[in-house]
Structures are given as structure tokens and as C-alpha cells.
Amino acid sequence: MQALQLTRPDPSLPPTLTLTTLPKPDLLPGHILITVHASAIHPSDLLNSTGSFPQTTYPRIPGRDFSGVVTAPASHPLYNKPVFGTSGNTQAFTASGAHAQYILVPEGGVVEKPDSLSWVQAATLGVPFSTAALILKRAGLVEGSGESVFVLGANGAVGSAVVQLAQARGAKVFQGTRNDKGDVNTASDPELAKLDELTGGKGVDIVIDTVGQPGLTGAASRRLARGGRVVFIAAPRGGDSTLGIEMTGFYRKEGALFGVNSLLYGVEEMAGLLGGMVGLFKEGKLKGAEEGSWNEVPLEDAVGAYKLAGERGKGKFVLVMQ
């Protein structure tokens, strides 16, 4: 089969990404073989290709998200059916990923693809939506509670997934963006004073930081309502990553602070999260990527697509195998 492969013979140098021919994976007990139709190049895939994840072993096929068809075994209930899934903490890191014509996955690591999602949509939503589900679970958002949720980086991949999922669960969502397209312009209002107006001075119940800017996260923590929660999934990749919390106000409001790391969870756990959202995709309460918003590239051009995906302003890329 054709596949992308990361090699790193010298640990002091970054990995090398090449398109190569490898044996088709042998079926193992407790696993299923997927014929891959499409697989996204996510920011975490780009980071993995530069050697930014110390847990990655080499040689390694990258690629976290995928859509495809179960090819074997014939006894599996999803045999010959369209499925999708995401990596968890193994695939693309310590086990082969999806940037190949085939991928071997634990038998509980996929979800049947609904007709409402195209192959490309299903292959690009796994990481952002499973992370969004983890975030809201950690935040303790109860469906139908009507709590307010403020999302920093609301126009990003994970941020927009959080916005959709929180709205689908009945939350009142305020979007923080670096322009006037959201509810709070975080560039012109770094203290987030607009939240006082939006909440009538009550404060926001839940803050979700998908950006990892300590100054904004700290400012948001000062706009919490009583019992408010702050959840963050990122931190600066360079420089000072210390988060400052004004402790007196925070404890007096019984605030809580949580981190979420999607790479602490297994493939089947992530598939369970995706499975819990399939009904919302079928009902149209959650939506995949807009048609044409991802650049579709054949596997033979994947190395070039990685280079373009790493350049600012070049857009998002998804590999299409079928």
C-alpha cells in the first residue's frame, strides 16, 4: 500500500516525511482493517511531523482522523460499512496512523458514518469534536441548564466545535475572536470587559480557552460567575506559559480550573465520544466542514500538502485516497 512515513534515524534532527510503499497491515485479534477514503492534516499532525511529540516512535505513519470502509473481518458488525474515527493516544504516535491506503484500528475504535456527513467531513471532525466533547464534560456542562459559555478562539477548529456542541446542549454561548465577528473582540478588549455587559454583570459560568494565551485566560477567570469553571487545552509553545490567577476573587466565587489533554485518552474512548454526537449530526444540530473549506489532495501529493499546510494562509488540507 501507499503511505506517508515519518523516519528519524538521528534523534537530534527533525523527522523526514516521505511517500513510500509498505505492506498492507495484517489483521490482528481485536482489530479491524479499514480501507481509508480520506484523512485530514490537522495542526497536531503538522506538529508530529516536526518531532514535537516525544511519545512518537519511528518509523511511523502519521494521520489522526479518518473515514473509510471496514474491510475485515467479515464477522464485524460494521463490515463493509462506512465509518470514521480518530487517533486517541496511539494511532499516528505509537501505532500506524491514517495517512495511508489502509489502517488497522481496535475493533471499538470507529463509528458508523451517517449519510449527513461526506467522506471529507467525517475525516476532518474527529480531533476537534472529540476534544470539544472532552472539554464540555470536564467543564460539567449539563444539557438544558442554560449556562453561559465563553469560548476563546471560537473561530478555530476546536473552538467552533465547542460552540456548536455547547449550543446543541442548550448553553448560551459567547464567542471570543480576534476581530468583530464574534461577541467579544479579544484583540481590542484584552480584559474582556464586554462580558460584563453580555452577562448583565453576573459573569460567565464556563470559560473555554482553545488558544493558550495566559493573559486572556487570566482575564477570563476574573469574569466568572459564582461556581464558574475555566477549561484550557493549550499553552504558549515558547516563552512564559505561567497562568496568573487573582486568587482572592477566584476562591470567593468558588471558581475551578481544569486542563484537558486529548492525548491521555485511548482510541476506543474517543470513538465513544464521537458516537455520542452522531445523532446530533443526523439532526443537523452539529455540522461538518463547509464544502470546499478543505483543500482535497491525493495521497501521492501528500508531502507537498504537508508543506503547504504549514504555511500561513495556505488553508487546510485533507488527503483523499478513494
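**Strand 3 and its partners**

Pro-106 of strand 6 is the bridge partner of His-31. This is a predicted model, and the pairing of these residues is a convenient place to enter it.

His-31 belongs to strand 3, which spans residues 31–41. The strand is mostly covered, with 10 of its 11 residues buried. Strand 6, made up of residues 102–106, runs antiparallel to strand 3, and 5 bridges join the two.

Strand 3 also pairs with strand 4, residues 66–72. Here too the sense is antiparallel, and the pairing extends over 5 bridges. One point on this pairing is Ala-38, whose bridge partner in strand 4 is Ser-67.

A further pairing links strand 3 to strand 15, which covers residues 316–320. These strands run antiparallel and are joined by 4 bridges. Within this pairing, Ala-40 stands opposite Val-318 of strand 15.

Strand 15 also contains Lys-316. Is Lys-316 buried, exposed or partly exposed? Its relative accessible area is 42%. Buried means under 20% and exposed means over 50%, so Lys-316 counts as partly exposed.

The surroundings of Lys-316 can be described in two ways. Setting aside neighbours within four places in sequence, Lys-316 is in contact with Ser-293, Trp-294 and Asn-295. As for distance, Lys-316 and Pro-43 are 273 residues apart in sequence, while their C-alpha atoms are 9.2 Å apart in space.

Note on methods
Residues are numbered from 1 along each chain as its sequence is written. This is a predicted model: local features need pLDDT of at least 70, side-chain atom pairs count only at pLDDT 80 or more; totals for chains, interfaces and linings use all residues. Side-chain values use heavy atoms; hydrogens and water are left out. Buried means under 20% relative accessible area, exposed over 50%, partly exposed in between (1.4 Å probe, protein chains only). Two strands pair if DSSP finds at least two bridges between them. Contact means heavy atoms within 4.5 Å.
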